[in-house]
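Subject: The structure you were after

Hi,

Here is the structure, ready for you to open. Have a look first, and my notes on it follow underneath.

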Amino acid sequence: MANDVITLLEQQHQEIRRLFGEVERAQGDQRKDAFRELVRLLSVHETAEEELVHPEVRRAEGGEPVVDARVGEEHRAKELLSTLDGLDPDAEGFDTLLVQLRDDVLAHAEHEEREEFPLLRRATEQKRLEAMADMVKAAEAVAPTHPHPGVESAAANVLAGPPAAVMDRARDAIRKVLGR
């Protein structure tokens with residue numbers, strides 16, 4: 001099968017699963033680095049889905065309620081991820097929240113793979129799915145690297161995304177220089 005948007009997103013779901021395991025097993029700086037990578041991947045992945053995939057699925061027959069449910073899941077996950085992003089991975093309570101986030105995110109990914117992606121595949125020509133993979137990569141390259149709860153629509157991402165991305169990437173650079 002050609003590399004299309006669904007294949008790309010499913011590969012990212014696998015990487016997200018792997019990163020959750022790494023964060024849960026690692027300690028010290030390795031844990032902090034793995035968690036930072038998880039936050040980044042979740043943030044850019046969801047932004048790209050919100051900007052490109054959800055609008056496409058909404059146009060498919062039966063797509064509206066499926067996307068509405070996914071957006072609700074994403075909002076809850078962003079709120080939890082935002083809370084975790086403000087904590088040190090060694091902080092008390094972090095592990096409990098991480099398990100909750102993992103369970104929510106993995107259930108969300110499963111819902112996408114079982115409900116949303118099949119709708120997208122049926123409603124969209126293969127050439128378009130392939131082009132969407134490139135569009136997702138481009139969107140992720142400029143997406144915010146931290147969660148922004150309340151920004152779950154394509155329009156909200158277009159308006160709030162660029163300034164948030166600049167601030168997030170500056171914050172990431174400062175953290176890297178300071179070793180945090």
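Among contacts in the protein between residues at least 6 apart in sequence, 77% link residues that are at least 24 apart. Keep in mind throughout that this is a predicted model.

On the overall make-up: the protein has 6 helices and 0 strands, so to speak a plain α-α-α-α-α-α pattern when you read along the sequence. Of its 180 residues, 44% are buried. The accessible surface comes to about 9,100 Å², and carbon and sulfur atoms account for 54% of that.

Now for the helix packing. Two packed helices are described by the angle between their axes and the distance between those axes. I looked at two pairs, and α2 is in both.

Start with α1 (residues 5–25) and α2 (residues 28–58). Their axes are 9 Å apart, at an angle of about 155°. Angles over 145 degrees count as roughly antiparallel, so that is how α1 and α2 run relative to each other. The crossing of α1 past α2 is left-handed. On the α1 side, the residues in contact include Val 5, Leu 9, Ile 16, Leu 19, Phe 20 and Val 23. Over on α2, their partners include Ala 34, Phe 35, Leu 38, Leu 41, Leu 42 and Val 53. Sorted by class, this contact has 12 nonpolar, 3 polar and 5 charged residues. His 13 in α1 and His 45 in α2 are among the residues taking part.

The second pair is α2 with α5 (residues 126–142). Here the axes come within 9 Å and cross at roughly 145°, and the crossing is right-handed. From α2, the contact uses Val 44, His 45, Ala 48, Glu 51, Leu 52, Val 53 and Glu 56. These meet Arg 128, Met 132, Met 135, Val 136, Ala 139 and Glu 140 in α5. By class that gives 8 nonpolar, 1 polar and 4 charged residues. If you click through α2, look out for His 45 and Val 53: both are listed in the contact with α1 and also in the contact with α5.

One last residue to look at is Ser 82, which sits in α3 (residues 63–85). Is Ser 82 buried or exposed? Neither, quite: its relative accessibility is 32%, so Ser 82 counts as partly exposed. Ser 82 is 39 residues from Ser 43 in sequence, and the C-alpha to C-alpha separation of the two in space is 10.0 Å.

Cheers

Technical notes
Residues are numbered from 1 along each chain as its sequence is written. This is a predicted model: local features need pLDDT of at least 70, side-chain atom pairs count only at pLDDT 80 or more; totals for chains, interfaces and linings use all residues. Side-chain values use heavy atoms; hydrogens and water are left out. Axes are lines fitted to C-alpha atoms, for helices over the stretch in contact, and angles run from 0 to 180 degrees between N-to-C directions. Helices (H or I, at least four residues) and strands (E, at least two) are DSSP runs, numbered from the N terminus. Angles under 35 degrees count as roughly parallel, over 145 as roughly antiparallel, 65 to 115 as roughly perpendicular and the rest as oblique. A crossing is left-handed if the near helix is turned anticlockwise from the far one by less than a right angle, and right-handed if clockwise. Contact means heavy atoms within 4.5 Å. Ala, Val, Leu, Ile, Met, Phe, Trp, Tyr, Cys and Pro count as nonpolar, Asp, Glu, Lys and Arg as charged, and the others, Gly among them, as polar. Buried means under 20% relative accessible area, exposed over 50%, partly exposed in between (1.4 Å probe, protein chains only). Accessible areas come from the Shrake-Rupley method with a 1.4 Å probe; for residues, only the protein chains shown count as cover.
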